[in-house]
Amino acid sequence: LIARRRRTSCYFYPRAWPSVRSADWWERVVLKEFGPQDWLEKFRMSKETFFYVCNQLRPGLAPHSTHFHPTLPLEKRVAVALWHLATNVEYQTLSPLFGVGPSTVQMCVREVSYAIVLLLKPLYLRLPNEKELENMVRIFRTRWGFPHCIGALDSLHIPIHPPLRLSADYCNGQGWHSILTQATVDGLGQFWDVSTAFPGSMENSAVLESSSLWVLAKEGRLCPNPPKHFMGKAQKYVLLGDATYPLQDWILKPYQEDENLTQRQLQFNYRLKRAHSVIENAFLRLKARWQILLKCDDCSLELLPTLVLACCILHNVCEAHDNP
């Protein structure tokens with residue numbers, strides 16, 4: 001009754017655009033005034049690499065528009081997604097910068113991530129062929145001093161907000177919630193196998209047995225048939241893991257360190273750990289480039305595997321194009 005007596009004559013009508021945004025910042029500033037360092041800082045790649053990625057994604061990012069939202073140029077949609085992946089700023093913070101709404105930013109991140117996995121994964125994240133495997137063996141031997149090796153294997157915890165009903169499953173051994181990503185890199189630190197979205201509470205050995213890499217190894221697709229000869233007999237190519245992985249005829253791990261190790265065993269551990277550091281460095285470079293992996297706040301759990309794969313693929317693109 002009090003509210004009725006205090007009626008006002010002021011009425012508010014909804015508008016299609018709730019606020020005025022600077023829609024030309026991308027065309028006016030980024031495309032015309034950004035220097036090489038600006039592109040590396042904001043997009044984690046050079047301008048040439050950026051437009052190469054755009055051209056590769058063009059078949060999977062068809063233009064679309066609605067009654068209130070005109071079509072965004074493909075390059076602008078890719079820029080929105082890469083900026084978010086690189087800086088991990090919130091959708092609400094990023095939207096006025098490009099003159100679009102937060103929901104449009106979210107849509108760009110989703111669509112571009114799916115397009116990267118669909119179109120660039122067959123080029124930059126795939127099982128190497130026999131000739132490429134031989135080249136990987138050569139790089140591990142010459143650069144890291146470890147023979148007959150095709151990769152280093154390790155896992156990465158990515159912090160998340162867990163689903164309420166599965167909170168305990170995603171709590172890792174350090175007491176925070178994460179998803180687990182298993183990856184394999186070559187001697188140059190480029191990923192060639194990635195399995196992700198495992199709950200953070202899983203052990204590395206369990207993740208390995210649930211991954212595509214385990215299937216490939218059991219099918220004999222990680223080495224030529226018949227295997228190459230090494231030290232006088234046919235030997236499978238090996239991957240290097242840490243102490244948390246099971247010992248297999250295709251996975252080597254260090255000896256458990258104690259005072260009873262011989263000098264040769266200590267030397268083996270040193271060589272293995274030195275070569276295995278290539279994946280530790282790759283993870284550091286991956287997280288430094290794509291800081292969305294430091295804390296996935298705005299990302300839904302269903303999109304997260306695609307987003308992680310997209311970051312690994314973009315890492316390989318940047319490494320292949322010598323972007324620092």
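Me: Which helix gives the most residues to the lining of the second largest pocket?
Reply: Happy to help, and keep in mind that this is a predicted model. Helices α7 (102-124), α8 (130-144) and α12 (304-320), along with strand β3 (191-199), each supply at least two residues of that lining. With 4 residues, the element that gives the most is α8.

Me: How much space lies in the second largest pocket, and which residues lie nearest its centre?
Reply: The space in this pocket comes to about 340 Å³. Its lining is made of 17 residues. Those nearest the centre are R126, E132, D186, Q190 and W192.

Me: Which domains does the lining of the second largest pocket draw on, and how many of its residues are nonpolar?
Reply: Domain 1 (28-61 + 71-124 + 298-323) and domain 2 (126-289) each provide at least three residues of the lining. Sorted by class, the lining has 3 charged and 3 polar residues, and the nonpolar count is 11.

Me: Let's turn to the largest pocket. What is its volume, and which residues are closest to its centre?
Reply: The largest pocket holds about 530 Å³ of space. It is lined by 16 residues, and the closest to the centre are P147, F230, M231, L252 and F268.

Me: Which helix gives the most to the lining of the largest pocket?
Reply: By class, this lining has 7 nonpolar, 5 polar and 4 charged residues. One helix, spanning residues 263-289, gives 4 residues to the lining, which is the most from any element. That helix is α11.

Me: How many cavities of 30 Å³ or more are there, and which residues line the largest cavity?
Reply: The count is 1 cavity, and the volume of the largest is about 40 Å³. Its lining has 5 nonpolar, 1 polar and 2 charged residues. They are A217, G220, R221, L222, C223, K236, Y237 and W250.

Me: Is strand β1 mostly covered or uncovered?
Reply: Strand β1 runs over residues 149-159. A residue counts as buried when its relative accessible area is under 20%. In β1, 10 of the 11 residues are buried, so the strand is mostly covered.

Me: Which strands are joined to β1, and in which directions do they run?
Reply: Strand β6 (residues 238-240) is joined to β1 by 3 bridges, and C149 stands opposite V238 there. Strand β2 (residues 178-185) is joined to β1 by 8 bridges, with L153 opposite T184. The pairing with β6 is parallel, and the pairing with β2 is antiparallel.

Notes
Residues are numbered from 1 along each chain as its sequence is written. This is a predicted model: local features need pLDDT of at least 70, side-chain atom pairs count only at pLDDT 80 or more; totals for chains, interfaces and linings use all residues. Side-chain values use heavy atoms; hydrogens and water are left out. On a 1 Å grid over the protein atoms alone, a cavity is a set of points where a 1.4 Å probe fits but cannot get out, and a pocket is an open set with protein on both sides within 12 Å along at least five of seven lines; lining residues have an atom within 4 Å of a point. Grid points are joined across faces, edges and corners, and a volume is the space filled by probe spheres set on the points. Ala, Val, Leu, Ile, Met, Phe, Trp, Tyr, Cys and Pro count as nonpolar, Asp, Glu, Lys and Arg as charged, and the others, Gly among them, as polar. Buried means under 20% relative accessible area, exposed over 50%, partly exposed in between (1.4 Å probe, protein chains only). Two strands pair if DSSP finds at least two bridges between them. Domain bounds come from an automatic or database domain assignment.
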